[in-house]
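Work through the exercises below with the structure open beside you, and try each task before reading its solution.

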Amino acid sequence: MGEKTGRTTVLCVGNPMLARPTRKVAIGNGDEFRSAVRDVEVLTEVLRGSRGVGLAANQVGISKSIAVLEDLTVRDDERLLDKGLETLPLVQMINPVITNRSAEVIVHMEGCLSIPGLYCFVERHDSVTVEWTNAGGEKMRKEFRGWPARIVQHEVDHLDGIVISQKAVKGILIGEYEYREFWREMSPMEIIKQLGADREEGLRSATPRVVERTHTEMCQVADWFTVE
């Protein structure tokens, strides 16, 4: 099944819908676009009723290239702000496409409601430029950096039929309880080493920057590393 948010169930990994790329919305088709706008509102409602900061349409059984992003968590710790964990006002994307990716990449932990109870380390570009159509039919273009860039890449992966477990560094998956019980004081780099993964091996980039964050730092804001 999946996690229920209100009356909508978020699909879990293993559901074929999550493994298939979504289809583009025909922007010039009035009926289809109006239907997509209604889907955007559904996704926004589901997202706001969850713990997440992003949601892709196929996670709720809609095979359309639509995603919504929002993270309004207040972060007053300068150490966290310095690491790109700024808030992200609501962004509603129809047919999002990443058109540019930074050379610099960062490895950090991610979670996903479609893989409940598990975390993994994923390499992401530090900044990406995205083009999309908003719910008003306007063409949009924006560069996202840091934490918002990670959210965008996570959701675009979903729309392409990819979940985070497929991108996990060295295939490492950590249960939520096990993470909090055994690894809470270690940085991502230390955890990867403890679990038998070299820093470079298995990563796409030759010189990735692995962000050193302890569990204590991460948990100063509730579940900030959970992207849906």
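**Exercise 1. Locate Cys112, decide whether it is buried or exposed, and find the other positions annotated together with it.**

Solution. Begin with the place in the chain: in this predicted model, Cys112 sits in the loop that joins strand E6 (105-111) to strand E7 (118-125). Next, consider the accessibility, for which the cut-off is that buried means under 20% relative accessible area. Because its relative accessibility is 4%, Cys112 counts as buried. Then turn to the annotation: an unreviewed UniProt entry lists Cys112, His154 and His158 under "binding site". Although these positions are spread over 47 residues of sequence, they cluster in space, with a largest C-alpha distance of 10.4 Å. Finally, look at one of the two histidines, His158, which lies in helix H4 and is buried because its relative accessibility is 1%.

**Exercise 2. Describe helix H4 and the place of Glu155 in it.**

Solution. Start with the helix as a whole: H4 has 14 residues, and from its first C-alpha to its last it reaches 21 Å, close to the 20 Å expected at 1.5 Å a residue. As for its surroundings, H4 is mostly covered, since 13 of its 14 residues are buried. Beyond the helix comes Gly161, whose phi is positive, near 85 degrees. Now place Glu155, which belongs to this helix, with H4 running over residues 146-159. The unreviewed UniProt entry lists Glu155 as "active site". Why does Glu155 count as buried? Its relative accessibility is 1%, and the cut-off for buried is under 20%. The last step is to look for a polar partner: a polar atom of the Glu155 side chain lies 3.2 Å from the backbone nitrogen of Ala56.

**Exercise 3. Examine helix H2, and then follow the link between Thr44 and Gln92.**

Solution. First take the length of the helix: H2 (residues 30-48) has 19 residues and reaches 27 Å from first to last C-alpha, close to the 27 Å expected at 1.5 Å a residue. Next examine its N-terminal end, which is capped by Asn29, with a side-chain oxygen that lies 3.2 Å from the backbone nitrogen of Asp31. Then ask which residues of H2 are buried. Among them are Phe33, Asp39, Val40, Leu43 and Thr44.

Thr44 leads on to a strand, for its side chain makes a polar contact with the side chain of Gln92 at 2.9 Å, and Gln92 is found in strand E5 (residues 88-101). Gln92 counts as buried because its relative accessible area is 17%, which falls under the cut-off of 20%. To complete the picture, leave aside the neighbours within four places in sequence: the contacts of Gln92 then include Val40, Glu41 and Thr44, as well as Ala67, Val68 and Trp132.

**Exercise 4. Find out where Gly61 lies and which residues it touches.**

Solution. The first step is the position, and Gly61 is in the loop between strand E3 (54-56) and strand E4 (66-71). The second step is the accessibility: Gly61 counts as partly exposed because its value is 36%, between the limits of 20% and 50%. The third step is to look along the chain, where Val10 is 51 residues away from Gly61, although their C-alpha atoms are separated by 8.0 Å. Not counting residues up to four places away in sequence, Gly61 touches Leu11 and Met17.

**Exercise 5. Characterise the whole chain, and judge which parts of the model should be read with care.**

Solution. Begin with the elements: the protein chain has seven helices and 11 strands. Of its 228 residues, 54% are buried. Among contacts with a separation of 6 or more, 68% are between residues 24 or more positions apart. The chain exposes about 10,500 Å², and carbon and sulfur atoms supply 49% of this area.

Now turn to confidence: the pLDDT averages 82, and 78% of the residues score at least 70. Confidence is highest in strand E8 (residues 127-133), at a mean of 98, and lowest in helix H7 (residues 215-218), at 34. Over residues 197-228 the pLDDT is below 50, and this stretch has 113 contacts in the model beyond near neighbours in sequence. For residues 79-83 the pLDDT stays under 50 as well, and the model has 10 contacts there beyond four places in sequence.

How values were computed. Residues numbered from 1 in each chain as written. Predicted model: local features only at pLDDT ≥ 70, side-chain atom pairs only at ≥ 80, totals over all residues. Heavy atoms only, no water. UniProt positions renumbered as here; feature names shortened; annotations may be inferred. Helix = DSSP H or I, 4+ residues; strand = E, 2+ residues; numbered from the N terminus. Buried < 20%, exposed > 50% of the residue type's maximum accessible area, 1.4 Å probe, protein only. Polar contact = N/O pair within 3.5 Å; in protein donor to acceptor, adjacent residues only side chain to side chain. Expected span 1.5 Å × (residues − 1). Contact = heavy atoms within 4.5 Å. Areas by Shrake-Rupley, 256 points an atom, 1.4 Å probe, with all protein chains shown as cover. pLDDT = per-residue confidence, 0-100.
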